[in-house]
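User: Can you walk me through this model? I'll jump around a bit.

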Amino acid sequence: MLQPYITSARRSYEIADHFRARGVHVAMGGLHVTSLPDEAAQHADTIFTGPGEEQWPLFLKDFRDGAAARRYDSTAQRTLAGLPPVRRDLIKRHLYLVPNSIVVSRGCPHHCDFCYKDAFFEGGKSFYTQTVDDALSEIERLPGRHLYFLDDHLLGNRRFAEALFDGMAGMGRLWQAAGTVNSVLQPGLLERAVDAGLRSLFVGFETVNDANLAERRKNQNIGKDYGAAVRRLHDAGVMVNASFVFGLDQDGPDVFDRTVEWAVEQGIETATFHIMTPYPSTGLWKQMEAEDRIVHRDWDLYDTRHVVYRPKGMTPRQLEDGYWRAYRDFYRWSNIWRGASAQPGPHERMRHLAYAGGWKKFEPAWDMLIRSRRTVRAMPALERTLAAFGGRKAA
């Protein structure tokens with residue numbers, strides 16, 4: 001079973017063709033297969049579209065009976081109830097920096113038109129969760145302190161999130177997750193997460209240009225005070241991993257410097273930058289295709305680091321150069337020091353320097369650890385850094 005993302009599609013097809021040529025029945029599913037099923041079907045005996053929890057057992061039965069279908073489509077009857085526990089004993093934990101990755105929900109309640117989500121979940125529920133008891137049981141089975149929630153929006157269902165955090169309180173966990181500006185600003189929710197061990201939150205700010213938000217249906221950010229969200233996270237002792245997208249239609253060549261300056265002034269610890277990328281079957285893709293602005297379909301380059309469409313407010317070269325400059329400027333030692341100085345005290349400044357500096361300035365060391373297959377040895381340092389957060393509570 002292969003589940004290619006767009007940038008792994010070409011290699012996945014090569015692997016699939018290799019095994020099919022040897023008589024192996026190849027099944028493929030996931031985001032890219034769902035967005036381009038006809039393309040994927042040329043390289044697989046069976047394809048899956050949408051979430052696979054419901055259809056996978058049916059396929060296994062059909063396969064055992066010698067009657068596997070060419071295609072299995074997810075239906076509207078989507079649930080995570082009653083799923084068997086993850087076979088974590090099969091995971092080679094020593095090869096991973098964060099072996100305790102966990103997902104307790106599917107999808108997201110929002111509908112940003114550059115996101116794969118709506119296309120992937122078409123035809124049924126696009127946001128649903130495990131039962132709280134099942135999620136807590138899986139967490140209890142995980143060794144160590146650190147958790148990394150890979151959910152698109154862990155705070156997206158407030159009732160579920162609050163019950164989950166109440167159940168986690170007292171476990172002594174330290175964890176990272178993703179949420180939205182809107183969820184951070186909701187009274188009481190962040191505090192519960194912090195009490196349960198939240199120490200770092202990935203937040204999709206996306207753009208400092210308000211005109212882009214409505215155009216890309218990033219409705220949950222419209223009219224929200226980004227600075228207030230950052231202050232609220234910092235006041236609760238939570239590190240901010242901010243995400244920004246460049247090349248939206250209202251962006252000009254000044255967007256890179258403006259974004260970096262804002263992020264540094266806010267004391268944001270880490271930032272990830274992206275070039276806007278039209279993924280197949282998304283609303284953005286359909287618009288770009290209708291406007292004849294997509295320049296090629298080399299999926300290897302749909303990695304948010306290359307320009308694969310015709311921008312409106314700048315040239316492709318300006319966009320790519322600005323993207324790389326934003327990374328260089330944000331992670332300059334001078335700006336890391338400036339960001340640390342925005343923190344309220346020496347303790348907070350030191351942890352800012354440790355995390356922001358360690359994230360980018362020691363990439364050769366990370367590369368060495370990865371190649372030596374010893375990344376798990378960095379886990380104690382990660383846990384100590386995260387434990388340094390959370391010392392202050394939100395008022």
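Analyst: One term first: helices (H or I, at least four residues) and strands (E, at least two) are DSSP runs, numbered from the N terminus. The model is a predicted one.

User: Fine. How many helices and strands are in the protein chain?

Analyst: The protein chain has 18 helices and eleven strands.

User: What is the radius of gyration, and what would a compact globule have?

Analyst: The protein chain has a radius of gyration of 22 Å. A compact globule of 395 residues would have one near 21 Å, so the two agree. Along its principal axes, the C-alpha trace spans about 65 × 50 × 45 Å.

User: What share of the residues counts as buried?

Analyst: Of the 395 residues, 50% count as buried. The exposed surface of the protein chain is about 18,400 Å², and carbon and sulfur atoms supply 53% of that.

User: And of the contacts between residues at least 6 apart in sequence, what share joins residues at least 24 apart?

Analyst: That share is 71% in the protein chain.

User: How far apart are the mean positions of the positive and negative charges?

Analyst: They are 5 Å apart, taken over 52 positive and 49 negative charges.

User: Now α11. Is that helix mostly covered or mostly open?

Analyst: Mostly covered: α11 runs over residues 226-235, and seven of its ten residues are buried.

User: Which ones are buried in α11?

Analyst: Y226, G227, A229, V230, R232, L233 and H234.

User: What covers them?

Analyst: The cover over the buried residues of α11 includes the helices α8 (181-185), α9 (189-195), α10 (211-215) and α12 (255-266). It also includes the strands β9 (198-206) and β10 (239-246).

User: What happens at the start of α11?

Analyst: There, a side-chain oxygen of D225 comes to within 3.1 Å of the backbone nitrogen of G227. As for what follows the helix, G237 sits just after α11 and has a positive phi of about 80°.

User: Back to H234. Why does it count as buried?

Analyst: Because its relative accessibility is 8%, and buried means under 20%. H234 belongs to α11.

User: Which side chain does H234 make a polar contact with?

Analyst: The partner is E269, and the contact between the two side chains is 3.0 Å.

User: Different spot: T270. Where is T270, and is it buried or exposed?

Analyst: T270 is in strand β11, residues 270-275. With 1% relative accessibility, T270 counts as buried.

User: What does T270 touch?

Analyst: Leaving out neighbours within four places in sequence, T270 is in contact with M239, V240, N241, A242, F330, Y331, Y355, A356 and W359. With N241 there is also a side-chain polar contact of 3.3 Å.

User: What about phi at D292 and T304?

Analyst: Phi is near 55° at D292 and near 65° at T304. Both values are positive, in residues other than glycine. Most residues other than glycine have a negative phi.

User: Where are those two, and are they buried or exposed?

Analyst: D292 is in the loop between α13 (283-290) and α14 (316-330), and T304 is in the loop between α13 and α14 as well. D292 counts as exposed because its relative accessibility is 57%, where the cut-off is over 50%. T304, at 15% relative accessibility, counts as buried.

User: Now E261. Where does E261 lie?

Analyst: In helix α12. E261 has 33% relative accessibility, so it counts as partly exposed.

User: How far apart are E261 and G313?

Analyst: They are 52 residues apart in sequence and 20 Å apart in space, C-alpha to C-alpha.

User: Last one, S101. What does S101 touch?

Analyst: Not counting residues up to four places away in sequence, S101 touches R88, Y148 and L150. S101 is in strand β4, residues 101-102, and is partly exposed, with a relative accessible area of 27%.

User: And how far is S101 from P253?

Analyst: S101 and P253 are 38 Å apart in space, C-alpha to C-alpha, and 152 residues apart in sequence.

How values were computed:
Residues numbered from 1 in each chain as written. Predicted model: local features only at pLDDT ≥ 70, side-chain atom pairs only at ≥ 80, totals over all residues. Heavy atoms only, no water. Rg over C-alpha atoms; globule rule 2.2 N^0.38 Å. Buried < 20%, exposed > 50% of the residue type's maximum accessible area, 1.4 Å probe, protein only. Contact = heavy atoms within 4.5 Å. Areas by Shrake-Rupley, 256 points an atom, 1.4 Å probe, with all protein chains shown as cover. Lys, Arg positive; Asp, Glu negative; His and termini not counted. Charge placed at Lys NZ, Arg CZ, Asp CG, Glu CD. Polar contact = N/O pair within 3.5 Å; in protein donor to acceptor, adjacent residues only side chain to side chain.
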